[in-house]
Structures are given as structure tokens and as C-alpha cells.
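Trainee: Could you take me closely through one part of this model, the nonpolar core and the strands around it, and tell me how far the prediction can be trusted there?

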Amino acid sequence: RQREAESRAQAFAKAKAEQHSSAGQIPAAPANFQNVDNTKKLVHLRVHLASEFGDSVFVSGSVTDLGNWDPQKALPLKWTASDVWSADVPIN
């Protein structure tokens, strides 16, 4: 499963990079956030995803705090009740 997840993450990163280079700019997804300080905002990530025991969910993105599209540096989400995976991360 780990290899499959890494492969999917790499394919996703490659597709996003291709989309970014061909479209000029990736549109931002809406997010729930609050100010942490003058330079960072605390982003509350929530994903509803049915999963099996032992599964892991990661988020990768174009900023350092989300691993710069590198699956090895992606942010792990924590499982909560009702199959909601979440994380709160300060982002520039």
C-alpha cells in the first residue's frame, strides 16, 4: 500500500506540474484558515475519506509546509471519527 500511495502521489505531483506549466497558474482551493501571525495563517484541512485500518492520508502542495509537491515531505493527516482525516498547519 505504501508503494502504491507513493506512486499515486508522484503521478499527482507530475500531473499538477504539467497543469501548472500549461495553464499558467493553479487555482487555489477554498480553505478554512485563521491568522497565526503577520506572515502565517493556520489552515484547517479536513478530508472525508472512507479507509481501512492501517491506511494513511497525506497532503502535498506547492509550499514548503506541504512538501513542495514532494511525496516524501507531504503532510500526514490524522484520522478522526466518521472517516474524517485532518490537520491544522501554519502556512506562509
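Mentor: This is a predicted model, and confidence along the chain is lowest in strand β1 (residues 32-35), with a mean pLDDT of 55, and highest in strand β4 (residues 75-76), where the mean is 94. Over residues 22-30 the pLDDT falls below 50, and beyond near neighbours in sequence that stretch has 4 contacts in the model. Where pLDDT is low, the predicted coordinates should not be read in detail. For the chain as a whole the mean pLDDT is 77, with 68% of the residues at 70 or more.

With that caution in place, we can turn to the core. The largest nonpolar core has 11 residues in all, namely Val43, Leu45, Val57, Val59, Leu66, Leu75, Leu77, Trp85, Ala87, Val89 and Ile91. The elements that give two or more residues to this core are β2 (41-48) and β6, and the largest share, 4 residues, comes from β6.

Leu75 is a useful place to look inside this core, of which it is a member. Leaving aside neighbours within four places in sequence, Leu75 is in contact with Leu45, Val57, Phe58, Val59, Asp65, Leu66, Ala87 and Val89.

Strand β6 (residues 84-91) also holds Ser86, a residue that counts as buried because its relative accessibility is 14%, which is under the 20% cut-off. Apart from residues up to four places away in sequence, Ser86 touches Leu45, Arg46, Leu77, Lys78 and Thr80, and of these partners Leu45 and Leu77 belong to the core.

The loops around these strands deserve a careful look as well. Ser82 is found in the loop between β5 (78-80) and β6, where its phi is near 65 degrees, a positive value in a residue other than glycine. Ser82 is exposed, with a relative accessible area of 59%. Trp69, in the loop between β3 (58-59) and β4, likewise has a positive phi, near 65 degrees, and is not a glycine; at 25% relative accessibility, Trp69 counts as partly exposed. As background for both loops, most residues other than glycine have a negative phi.

Finally, for a view from the helix, Ser7 lies in helix α1 (residues 2-23) and is partly exposed, with a relative accessible area of 43%. The C-alpha atoms of Ser7 and Pro71 are separated by 8.9 Å, although these two residues are 64 residues apart along the chain.

Terms used. Residues numbered from 1 in each chain as written. Predicted model: local features only at pLDDT ≥ 70, side-chain atom pairs only at ≥ 80, totals over all residues. Heavy atoms only, no water. pLDDT = per-residue confidence, 0-100. Contact = heavy atoms within 4.5 Å. Buried < 20%, exposed > 50% of the residue type's maximum accessible area, 1.4 Å probe, protein only. Core = buried A, V, L, I, M, F, W, Y, C linked by side-chain atoms within 4.5 Å.
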